[in-house]
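Hi there,

Here is the structure I promised to pass on. Have a look at it first, and my notes follow below.

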Amino acid sequence: MILGALKEQSSREKRIPLLPASVKKMIDQGMTVCVEEGLGESLFINDQAFRDSGAQIKSRSEILASADILVRISKPSIDDIKTLKSGTVHLSYLDPFNDPETLKQMASHGLSAISLEMIPRTTLAQKMDVLSSQASLAGYYAVVLAASRISKAFPMMMTPAGTIPPARVFVVGAGVAGLQAIATAKRLGARVEAFDTRPAVEEQVRSLGARFLKIDLGETGEAQGGYAKQLTEAQLDKQRQEMAKVCAQSDIVITTAQVFGRKAPRIITKNMIMGMRPGSVIVDMAVETGGNVEGSLVDQDVELNGVLILGLSNLPGKVAADASSMFSNNITSLILHYWDKASKSLKFSQEDEILKGCLLASQGKILNEKFQHLQKA
Ligand code: NAD
């Protein structure tokens, strides 16, 4: 079995899917690993480092034509799909809710399409959970970004030249990214408050030393997989009213709120921003899925009433070395979980709970029920 690893086509993506340490693990299990020429360039890892770990260096077209298992960060182009062998197991982000066409094409070309964002959030799948590993780094980076753009220090400082109060940070959405943002802001010495619609999160927020903002929204709860339920417009209105007061007192607001498979909820309105102090900074971590903040734009600085709104895309890519290492470990865990060393092949079972979530298509069929309507379309 040949496992191929492809370089990203966009120069803006510095992450790579496979590091030499993972190559070695795959080879030890009997796989042949081929990586694209220059795969590690963006991280200053040369081809020799991959050769030393046992990989063969090949051109992009050679890998596309020969891979039985293909790993990459972003979804394939239609041309790539057409070039791959039928039956190839393809692992990458697929963004299936927003881009059903790619999934349809993968299915009709007989690829086994694994969508990394659909790996279930279960204990067994934790080591494969790309969403969590990347979100955690994104949460860290959001705080570093805000710290680098605000004209205020985070920690309280008592000096002969005067006392500086700690920065006040408000984190909206305390999932994986939000909790890491809270922890990072706390480590820097900020006073942190957080809110989430899932009541289960309160304890986790408090255990990090932050204050949990309580808003009585009535029934909120969790959907399947621990994800947040979508709020009604009335609930969102109430949330905005209560949050406006906290935003007005905060130096930094970091929004991470997502509802799985849907557009991100609009939480911070222009009115709320008008109530904030000039000089404050907002980081909208949901900018790529529709934005939590009114007026935020992907990869652009927006200023409103002196408040800086940052909507930087691909935050994990800003710490690409660590993000690649985690990504590489996640997909290696996934592949080796299904690898049968004796027959040197992947053994997939239709009853497997992890595959029921993330193996979206195989042998020409769309398997996951959330996307089966595409089969008929
Ligand atoms: P996510 O990225 O889908 O959403 C981020 C956060 O936004 C969530 O905490 C969500 O509750 C919150 N949110 C949604 N709407 C909101 C609103 N209107 N206002 C405020 N907050 C709002 O979440 P995630 O980080 O991917 O985590 C999703 C779930 O998966 C969580 O329950 C998490 O604990 C769980 N999880 C489990 C495992 C595991 O068991 N292996 C691993 C990772 C995550």
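To start with a small puzzle: is R240 buried or exposed? R240 turns out to be buried, with a relative accessible area of 12%. Please keep in mind throughout that this is a predicted model.

**Salt bridges**

R240 is a good place to begin, as its side chain meets that of E233 in a salt bridge, with N to O at 3.4 Å. R240 also forms a salt bridge with D237, where the closest N and O atoms are 2.9 Å apart. D237 and R240 both belong to helix 9, which runs over residues 233-249. They sit three residues apart there, about one turn of the helix. The two acidic partners are placed differently with respect to the surface: E233 counts as exposed because its relative accessibility is 53%, over the 50% cut-off, while D237 is partly exposed, with a relative accessible area of 39%.

Elsewhere, salt bridges that share partners join E36, R60, R72 and D80 into one network.

Another pair to look at is R15 and E13, whose side chains meet in a salt bridge at 2.9 Å, N to O. R15 is buried, at 6% relative accessible area, and E13 is buried too, at 14%. Both residues of this pair therefore fall under the 20% limit for buried. For the overall tally, a search of the whole structure finds 23 salt bridges.

**Around the ligand**

Now to the part you may want to open in your viewer. Which residues come nearest to the ligand? Of the 26 residues around it, these are V176, D196, R198, G226 and Q239.

Two of those names return when we turn to polar atoms. In the side chain of D196, an N or O atom is 2.6 Å from an oxygen atom of the ligand. For R198, a side-chain N or O atom lies 2.7 Å from a ligand oxygen. R121 also takes part, with a polar side-chain atom 2.9 Å from an oxygen atom of the ligand. On its own, the ligand has 840 Å² of accessible area, and the protein covers 85% of that.

What classes of residue make up the shell around the ligand? There are 11 nonpolar, 11 polar and four charged residues. The shell draws on two domains, with at least three residues from each. Domain 1 spans 2-128 + 320-376, and domain 2 spans 135-313.

**Two backbone angles to check**

Most residues other than glycine have a negative phi. With that in mind, two places are worth a look.

N305 has a positive phi, near 55°, and is not a glycine. N305 sits in the loop between strand 14 (301-304) and strand 15 (307-310). At 32% relative accessibility, N305 counts as partly exposed.

Q363 also has a positive phi, about 50°, although it is not a glycine. Its place is the loop between strand 18 (359-362) and strand 19 (365-366). With 72% relative accessibility, Q363 counts as exposed.

That is what I have for now. Happy browsing, and do write back with any questions.

Best wishes

Terms used. Residues are numbered from 1 along each chain as its sequence is written. This is a predicted model: local features need pLDDT of at least 70, side-chain atom pairs count only at pLDDT 80 or more; totals for chains, interfaces and linings use all residues. Side-chain values use heavy atoms; hydrogens and water are left out. A salt bridge is a side-chain nitrogen of Lys or Arg within 4 Å of a carboxyl oxygen of Asp or Glu. Buried means under 20% relative accessible area, exposed over 50%, partly exposed in between (1.4 Å probe, protein chains only). Helices (H or I, at least four residues) and strands (E, at least two) are DSSP runs, numbered from the N terminus. A residue is near a molecule or strand if one of its heavy atoms lies within 4 Å of it. A polar contact is a pair of N or O atoms within 3.5 Å; within protein, one must be able to donate a hydrogen and the other to accept it, and residues adjacent in sequence count only if both atoms are side-chain atoms. Accessible areas come from the Shrake-Rupley method with a 1.4 Å probe; for residues, only the protein chains shown count as cover. Ala, Val, Leu, Ile, Met, Phe, Trp, Tyr, Cys and Pro count as nonpolar, Asp, Glu, Lys and Arg as charged, and the others, Gly among them, as polar. Domain bounds come from an automatic or database domain assignment.
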